[in-house]
Amino acid sequence: MHYKLCINMKKDRRPYLANYALCIIIYALFSPVGAQGQEHRLWYQRPATHWLEALPVGNSHMGAMVFGGTDNEEIQLNEETFWSGSPHNNNSPEAKEHLQEVRNLIFEGREEAAHALLDQFFFNGPHGMRFLPLGSVTLKFGHTDVSDYRRELNLASALASVSYIYKGVRYERTVFASQTDSVIIVRLQAGRKGALSFDLNFASPLQAKVSAVTSHDGIQTPVYELAAVVNGVDHEGIKAGLKAECRVLVKADGRVGVGADQLSVTDATVATLYISAATNFVNYHDVSGDPVKKNNNRMASVNRKTYKQLLDSHLKKYSEQYGRVSLVLPKSDTSGLQTDKRLEAFAGGKDMDMVSLMMQYGRYLLISSSQPGGQPANLQGVWNDKVNAPWDSKYTININAEMNYWPALVGNIAETQQPLFAMIRDLSETGTKTATEMYGCKGWVAHHNTDLWRIAGPVDGTTWGMFPTGGAWLTTHLWQHYLYTGDKAFLAEYYPIMKGAADFLLDYMQTYPANGEVKSAAGWLMTVPTVSPEHGPKGKKTTVTAGSTMDNQIVFDVLSQVLAAAKVLGKDDTSLSTLRSSLQKLPPMQIGRYGQLQEWLIDGDDPHDEHRHISHLYGLYPSNQISPYSHPELFTAAANTLKQRGDMATGWSLGWKINFWARMLDGNHAFRIITNMLHLLPDDRSMREHPDGRTYPNLFDAHPPFQIDGNFGCAAGICEMLLQSHDGAVHLLPALPDAWTEGEVKGLCARGGFTVDMKWRQGCLQQVSVRSRIGGTLRLRSYVPLKGKHLKTATGQCPNALLMPAVVKEPLRSKELSSFENIPLRPVYEYDIDTRAGKTYTFKKQ
């Protein structure tokens, strides 16, 4: 916590100072070394006036948005399993009998007719359920003329706080979502004895019944609680199957009054609220849970602990994750501004610490919205105030859900992926039924969207939903986790799921016929029908196609990764030979007449089209199929595509472009995209006045509207500018922009089980320390020569399989392409070090 250190030692400041000191001491005790020197904050000198100014806290199970009001405070709540509908699937039983007809039409070049059949017969089920708001805890203080106001969110401690003076008395509040006790805790204090009074209510945009109750604990101490039962909602013909209960336990050293549906605290100095919420959700096919029992258990647990114990345990667990990584970049005279003012001043300035803040904010949001045992972070993480959220706040798995988890591995918070892995397991079950019923295929499939109920059929319509590789893409996260950790037990556990995705692809893919529209594609094996997400080629009036480049790249990854996993695990499966032969039949990537990487089998790219989806560069990022060193032609074509698509886009697309330009080893261009993202959009009503606004006052990413994936994409991209490990080596400072003249980063992770710390000055690496968690050969790639023990100049291919580059076919080039020069590359130095598990190796610039 921060506030002001030059505090006037008045009598009304004593409780405030005591609480401040308590948090500082506890945080110092439990924070890893890297975090203690870097306490990023979002802070403001007025309360939030709308949701996109409020500050988020969360523990995966619950999310809260804290407004920081003085007259009325609102803490808006979400519970991760409170969704519309109930267990169901959305498989269309008519799809299978029309599948071959659709394929024939596509091969004949009659994609529009195929589109019509798909809309008619493949999209007959519900289109996904909605993530719902729970409601808001409201506090009525009546403090209308205050001074010395400050609210903030401290990323290093995950504490949201409010402080102000009213009628000569200092009031303060601290809110945190406990990472250990699954409740949200609100601590209120007054600087003068007996000066704290407020009314406590609960309101919900959904049908809810609120009651205030008094009971006694085991020693006859009164227990005051507000309880709200909130009903779920039907959606698209699916009946509501969920009901939520929210409970607010109040402890105060003053008087607590009980009304029919509210509690009142008067004449107190300190009060603490404990907020718990639960639903009857058990899993995607079971809603027999008891929310009252869940809340009873949580409340009984927190009721036995002191506030200090609860704060202590929260800080210890949270800071252990958050504090693994630090990034120090130069500050400027605008670094101390209020966060929204700082954001406005960023473009063209020298406040590079704002970049560090955005990286750490992305890590904070992922820690807060995705923890083991919970649900994955959805399109808005775990925060939503709307009954009808944009795109239902579902899991969009044609880019957005995947992007949510890009910072997890490189950003050293791998455990946040566990909910994603659990969802992939669920989808492998529901998707098996979808594969059989809709396509007559083995294995499992999921399309471009899913929800709490793990629907696996297509949704929304052909333009968006005819994407049969969403589940396959998700399985690449399993392989990446293995590459970063070397965890063979994990790989063995998830191998059947990876294999199931490959089995579906092998059954679903078709050989392009010799009499098809694209003569050059004859004999290639490809997905059909499919789309390149949400985008179609010039000259076609539909997105429907066969063998989009993105699909081909995803299929390459899935088949290759299953083969590599089988080798690691010693699998001897006769079906593996089919995978090998199928890999050889996949279409190669193609360079079109404009020097671009083709998005489709046909050369249909428009060099003036700046569409937000650049799906065919999946092979550049997050995959590793496009390499500057082994595939320079593809690398150059990717650069041409990026230039043609432009530097502005929706917020989430900018997040992807940061990563693209980092992989292009162009730090200045990546930083330009970051700058484009960091333009203030005050709210969604201001889009006309702020057409380039891509970040809200609370630093949430603006599509617009709010989508959290842009925050995660930005955080991952900043890490990717500093460290890469996908292309045969651990590349140090691969895309450092000129603006980051000096700095230090600690704790980033690389494939092969390595953790990396670096310092640089005048844009040049000065020192690197690498900790090897599992041993093995470390290959370092650097723009400067290094010196130190155990270094030897690298030769040949890297012997560490966890760092291996991709081996892809040579691309085909358009005959209409007149000139094509590969991008020049900076020379690099490569070294090998034979490492031992648990040892740290330090090297310096020569």
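**Close-up views of a predicted model**

**View 1. Pro529 sits in the loop between strand S21 (525–526) and strand S22 (530–531).** The model is predicted. The peptide bond that leads from Val528 into Pro529 is cis. Its omega angle is near 0 degrees.

**View 2. A second cis peptide bond is the one from Tyr621 to Pro622.** For this bond omega is near 15 degrees. Pro622 belongs to the loop that runs between strand S24 (590–591) and H17. Helix H17 itself covers residues 632–645 and appears again in the next view.

**View 3. Gln644 is a residue of helix H17 (residues 632–645).** Is Gln644 buried or exposed? Its relative accessibility is 17%, so Gln644 counts as buried; the cut-off for buried is under 20% relative accessible area. Which residues touch Gln644, once its neighbours within four places in sequence are left aside? The contacts are Tyr594, Gln596, Pro607, Asp609 and Glu610.

**View 4. The whole protein chain is the setting for the close-ups, with 20 helices and 35 strands.** A compact globule of 846 residues would have a radius of gyration near 28 Å, and the protein chain, with 27 Å, agrees with this. Along the principal axes, the C-alpha trace spans about 85 × 65 × 55 Å. Buried residues make up 65% of the 846 in the protein chain. Of the contacts between residues at least 6 apart in sequence, 70% join residues at least 24 apart. The area exposed by the protein chain is about 29,300 Å², and 49% of it is supplied by carbon and sulfur atoms. The protein chain carries 85 positive and 84 negative charges, whose mean positions lie 7 Å apart.

**View 5. An open sheet of six strands has antiparallel pairing.** Strands of a sheet pair through backbone hydrogen bonds, in either a parallel or an antiparallel sense. The order of the six is S17-S27-S28-S29-S35-S31. Strand S17 (326–328) and strand S31 (786–787) are the edge strands, each pairing on one side only. Three bridges join S17 to strand S27 (residues 743–750), in the antiparallel sense. What is the bridge partner of Ser326 in S27? The partner is Lys746.

**View 6. Five strands form an open sheet with mixed pairing.** From one edge to the other, the strands come in the order S25-S26-S30-S34-S32. At the edges are strand S25 (723–724) and strand S32 (792–793), and each of them pairs on one side only. Within the sheet, strand S26 (residues 730–732) runs parallel to strand S30 (residues 776–782), and two bridges connect them. Opposite His731 stands Arg781 of S30.

**View 7. Strand S15 (residues 263–268) pairs with strand S10 (residues 196–203) and also with strand S14 (residues 255–258).** The S10 pairing is antiparallel and has four bridges. The S14 pairing is likewise antiparallel, with four bridges. Ser264 of S15 stands opposite Asp199, and Ser264 is also the bridge partner of Gly257. How many residues separate S14 from S15 in their hairpin? There are four residues between them.

**View 8. Val223 is part of strand S12 (residues 222–231).** Val223 has a relative accessible area of 12% and is therefore buried. In sequence, Val223 is 122 residues from Glu101. In space, these two residues are 67 Å apart, taken from C-alpha to C-alpha.

**View 9. Glu236 has a positive phi without being a glycine.** The value of phi is near 50 degrees. Where does Glu236 lie? Glu236 is in the loop between S12 and strand S13 (243–252). With a relative accessible area of 41%, Glu236 is partly exposed.

**View 10. Trp391 also has a positive phi, although it is not a glycine.** The angle is about 55 degrees. Trp391 lies in the loop that separates helix H8 (353–369) from strand S18 (395–396). Trp391 is 43% accessible in relative terms and so counts as partly exposed; exposed would need over 50%.

How values were computed
Residues numbered from 1 in each chain as written. Predicted model: local features only at pLDDT ≥ 70, side-chain atom pairs only at ≥ 80, totals over all residues. Heavy atoms only, no water. Rg over C-alpha atoms; globule rule 2.2 N^0.38 Å. Buried < 20%, exposed > 50% of the residue type's maximum accessible area, 1.4 Å probe, protein only. Contact = heavy atoms within 4.5 Å. Areas by Shrake-Rupley, 256 points an atom, 1.4 Å probe, with all protein chains shown as cover. Lys, Arg positive; Asp, Glu negative; His and termini not counted. Charge placed at Lys NZ, Arg CZ, Asp CG, Glu CD. Pairing = 2+ DSSP bridges.
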